[in-house]
Amino acid sequence: MKSMQENVLISKLTTMRLGGAAKYVQEITALEQVDEAYGFAQKNQLPVYVLGQGSNVIGHDEGFSGLVLVNKLKGFETVSETSDELVVRASAGEMLDDFCEYTASRGYTGMEAMSAIPGTCGAAPVQNVGAYGQEIKDVLVEVGVYDSLQVRHLQIRAEDCGLGYRSSIFNTTEFGRYFITSITVKVRKGQLKPPFYVSLQAFVEREGLTDFSPLSIRHAVSAVRAGKLPNPKEIASSGSFFKNVVVPSAKVAELKAKGIRIWQENGKNVIPSGWLVEQAGLKGKELHGMRVSDKAALILINESAKSYADLAAARQEIINAVREKFGFTLEQEPVEIA
Ligand SMILES: Cc1cc2nc3c(=O)[nH]c(=O)nc-3n(C[C@H](O)[C@H](O)[C@H](O)COP(=O)(O)OP(=O)(O)OC[C@H]3O[C@@H](n4cnc5c(N)ncnc54)[C@H](O)[C@@H]3O)c2cc1C
């Protein structure tokens, strides 16, 4: 294929900046390249891994002996617009943050709280991204895909994507089958109503904010995030390293009585993983070249880790400390190329 690269370090394609070489890497800038790339992989019996910005993916030292496709499909297209509703399709390589700007700046609510989540639109349904009370599943209409099994392009309706907390068919039952080429969302005129998610509410009160329009909330969310989350361009991390712990309603009273912090998120009772790590005494600590962020203990920063083994050792120490203190086993959020 034209412009295919060989032996590219995965550390250069992912924000945690770990991982050896991928045998082949192809940037995808046009739809027909997707078909061509899967054809090449099939002919050469290569496994395929799809990447956006690599902000939720960790590479292994041994690299990947297959074809990595880096999604750079661009463009927005209005599907329909009425006085109070907009249906719009974004090509999967557009940044999710640009999509939030696109909808919020036109006065539509539904995506403003997802502002400043790193990564592409195509990755958004994969783990059903969300922040500050909004998730992509709340606005998603359909997902455009290339289906490598049926060897054709098609649309999958949002209700068939199995969207749940940080999960979908794309990272579970159908993992590896689809290359997502676009996402279509429906957003409505209107605005979020207070009280907002805890740290956003604190910001709103501190700043005396009274304008809750989508664009104003977008700016507030971006400011809150900039204050505590690492910018992937400057600091190596994959964002939240552990998933929040979901607990059954029957357990909530007992756990709260023990002083454990629990809140409701999208109808689920969750214990924030960052709180557990902090309570285990690890906030700000350096372990094997990985630092537990001193601003948000759910973030693991690669300061000087030399290999995946360093990350694995740090991860195990954190899991052990939390399990010893609370009995919960933390699960990693970022996925791994293998
Ligand atoms: C500082 C920081 C903060 C973050 N904050 C949040 C947050 O608040 N909420 C949240 O939900 N996430 C958060 N994340 C995680 C990350 O932003 C999301 O998972 C995002 O969707 C990843 O986008 P990406 O383009 O980088 O995808 P990648 O990391 O490249 O890929 C992620 C997964 O999606 C798959 N994938 C990507 N593109 C496609 C495609 N076109 N077709 C098929 N599969 C594809 C990959 O194979 C991989 O399994 C954060 C990450 C960082 C570094």
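**Notes on the predicted model**

1. Asn128 sits in the loop between β8 (108–109) and β9. Its phi is positive, about 45°, although Asn128 is not a glycine. Keep in mind that this is a predicted model, so treat that angle as a feature of the prediction. Is Asn128 buried or exposed? Buried: 22 other C-beta atoms lie within 10 Å, and the cut-off for that label is 20 or more.

2. Arg17 makes a good companion to that point. This residue, again not a glycine, has a positive phi, near 60°. You'll find Arg17 in the loop between β1 (5–9) and β2 (21–28). Arg17 counts as buried because 20 other C-beta atoms lie within 10 Å, and 20 is where the buried class begins.

3. While you're checking the backbone, have a look at Pro194 and Pro195. The peptide bond joining them is cis, with omega at about 0°. Pro195 belongs to the loop that runs between β13 and α3 (198–207).

4. Now the ligand. Its shell is made up of 37 residues, and the closest are Gly52, Gly119, Gly122, Ala123 and Gly239. The elements that each supply two or more residues are β3 (48–51), β9 (130–131), β13 (178–189) and β14 (237–240). Which of the elements gives the most to the shell? That's β14, with four residues.

5. What about the chemistry of that shell? By class, the residues around the ligand come out as 20 nonpolar and 17 polar, with no charged ones. Glycine is grouped with the polar residues here, which is worth remembering when you read the polar figure.

6. Helix α7 covers residues 308–326, and its length checks out: 19 residues at 1.5 Å each should span 27 Å, and the end C-alpha atoms are indeed 27 Å apart. The buried residues here include Leu311, Ala314, Ile318 and Val322. Those residues take up an arc of only 70° around the axis, so they lie on the same side of α7.

7. Where do the exposed residues Gln316 and Glu324 of α7 sit? They are on the face turned away from the buried side of the helix. As for what covers the buried residues of α7, the list includes β4 (57–58), α6 (273–279), β18 (286–287), β19 (290–292) and β20 (299–302). After the helix comes Gly327, with a positive phi near 85°.

8. Helix α5 (residues 249–257) is another one to look at. How many of its nine residues are buried? Zero, so to speak: α5 is hardly covered. Just past α5, Gly259 has a positive phi of about 85°.

9. Last, the domains. The assignment gives domain 1 (5–71), domain 2 (76–189) and domain 3 (237–327). Between domain 1 and domain 3, the C-alpha centres are 30 Å apart. Their contact draws nine residues from domain 1 and eight residues from domain 3. On the side of domain 1 that touches domain 3, the split is three nonpolar, four polar and two charged.

How values were computed. Residues are numbered from 1 along each chain as its sequence is written. This is a predicted model: local features need pLDDT of at least 70, side-chain atom pairs count only at pLDDT 80 or more; totals for chains, interfaces and linings use all residues. A residue is near a molecule or strand if its C-beta atom, placed from the backbone, lies within 6 Å of it. The expected span of a helix is 1.5 Å times one less than its number of residues. A residue is buried if 20 or more other C-beta atoms lie within 10 Å of its own, exposed if 12 or fewer, and partly exposed in between; C-beta atoms are placed from the backbone. The arc is that of the directions from the helix axis to the C-beta atoms. Two residues are in contact if their C-beta atoms, placed from the backbone, lie within 7 Å. Domain bounds come from an automatic or database domain assignment.
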